[in-house]
Amino acid sequence: MTLHPIVAQMSVSPEQKPAVVERGRDVVVTAGAGTGKTRTLVARYLALVAEGLPLRSVVAITFTRKAAREMRNRVRAEVQKYLARAELDEEERQRWQRLYSELDAARIGTIHSLCSQILRQHPAEAAVD
């Protein structure tokens with residue numbers, strides 16, 4: 001599978017690539033500190049968005065707010081880096097500028113924040129007052 005240029009710019013390792021390109025099932029990335037978990041998840045996230053999935057349909061869950069903030073910041077930085085490319089055609093540039101402006105609404109957060117959001121949006125279905 002050929003990586004979209006926004007993902008290719010991240011230079012994922014051969015060990016990380018399967019988690020980035022796997023489709024049709026969820027992916028869990030576990031590894032020790034400093035091994036590239038966040039890089040792998042950011043690359044997967046951007047690959048899914050590059051394939052046309054809406055930001056709100058891709059969920060990236062971490063265990064801590066600090067890790068979620070780091071992931072969102074890295075996604076933002078990679079999009080900025082991609083937008084700085086001179087060779088982008090206008091349609092591609094506009095698409096990624098729009099996505100960049102919508103990143104605050106992206107579902108990148110902790111398991112607690114995702115569950116809270118689901119419960120707030122669907123209290124009747126969850127039988128919550």
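**Exercise 1: H3 and H5**

H3 and H5 are oblique to each other; work out which angle and which residues go with this arrangement in the predicted model.

*Solution.*
Step 1. Start with the axes: those of H3 and H5 come within 12 Å and cross at roughly 125°.
Step 2. Now name the arrangement. Angles over 145 degrees count as roughly antiparallel and 65 to 115 as roughly perpendicular, while the rest, once those under 35 are set aside as roughly parallel, are oblique. The crossing at roughly 125° therefore makes H3 and H5 oblique.
Step 3. Add the handedness: H3 passes H5 in a right-handed crossing.
Step 4. Find the residues that touch. H3 brings Leu46, Val49 and Ala50, and H5 brings Arg95, Trp96 and Leu99.
Step 5. Sort these residues by class: five are nonpolar, none is polar and one is charged.

**Exercise 2: H4 and H5**

Decide how H4 and H5 run relative to each other, parallel or antiparallel, and describe the contact of H4 with H5.

*Solution.*
Step 1. Look up the geometry. H4 and H5, the latter covering residues 90-101, pack at about 155°, and their axes are 10 Å apart.
Step 2. Compare this with the cut-off: angles over 145 degrees count as roughly antiparallel. H4 and H5 are therefore roughly antiparallel to each other.
Step 3. Give the crossing a hand: as H4 passes H5, the crossing is left-handed.
Step 4. List the partners. From H4 come Arg76, Val79, Gln80, Tyr82 and Leu83, and they meet Glu92, Arg93, Trp96, Gln97 and Tyr100 of H5.
Step 5. Count by class: the residues of this contact comprise five nonpolar, two polar and three charged.

**Exercise 3: H3 and H4**

Find the angle at which the axes of H3 and H4 cross, then describe who meets whom.

*Solution.*
Step 1. The axes of H3 and H4 cross at roughly 55° and come within 10 Å.
Step 2. That angle makes H3 oblique to H4.
Step 3. The crossing of H3 past H4 is right-handed.
Step 4. On the H3 side you will find Thr38, Arg39, Leu41, Val42, Tyr45 and Leu46; on the H4 side, Glu70, Met71, Arg74, Val75, Glu78 and Val79.
Step 5. By class, the contact of H3 with H4 has seven nonpolar, one polar and four charged residues.

**Exercise 4: The cavity**

Which residues line the largest cavity, and which class do they belong to?

*Solution.*
Step 1. Begin with the idea: rolling a probe the size of a water molecule over the atoms shows where empty space is left.
Step 2. Count the cavities: the structure has one of 30 Å³ or more.
Step 3. Note the volume: the largest cavity holds about 40 Å³ of space.
Step 4. Read off the lining: Tyr45, Leu46, Val49, Leu55, Val75, Val79, Trp96, Leu99, Tyr100 and Leu103. The helices from the earlier exercises return here, since H3, H4 and H5 each give at least two residues to this lining.
Step 5. Class the lining: ten residues are nonpolar, with no polar and no charged ones.

**Exercise 5: The pocket**

Where do the residues lining the largest pocket come from?

*Solution.*
Step 1. The largest pocket contains about 900 Å³ of space.
Step 2. It is lined by 26 residues, and those closest to its centre are Val27, Val29, Leu41, Ala60 and Ile61.
Step 3. Two or more lining residues come from each of H3 (37-50), strand S1 (59-62) and H4 (65-83). H3 supplies the largest share, six residues.
Step 4. By class, the lining holds 14 nonpolar, six polar and six charged residues.

**Exercise 6: The whole chain**

How many helices and strands does the protein have, and in which order do its elements run?

*Solution.*
Step 1. There are six helices and two strands.
Step 2. Starting at the N terminus, the order is α-α-α-β-α-α-β-α.
Step 3. For the overall dimensions, the C-alpha trace spans about 55 × 35 × 30 Å along its principal axes.

Methods
Residues numbered from 1 in each chain as written. Predicted model: local features only at pLDDT ≥ 70, side-chain atom pairs only at ≥ 80, totals over all residues. Heavy atoms only, no water. 1 Å grid on protein atoms, 1.4 Å probe; cavity = no way out; pocket = protein on both sides within 12 Å on 5 of 7 lines; lining within 4 Å. Points joined across faces, edges and corners; volume = space filled by probe spheres on them. Helix = DSSP H or I, 4+ residues; strand = E, 2+ residues; numbered from the N terminus. Nonpolar A, V, L, I, M, F, W, Y, C, P; charged D, E, K, R; others polar. Axes fitted to C-alpha atoms, helices over the stretch in contact; angles between N-to-C directions. Left-handed = near helix turned anticlockwise from the far one by under 90°. Contact = heavy atoms within 4.5 Å.
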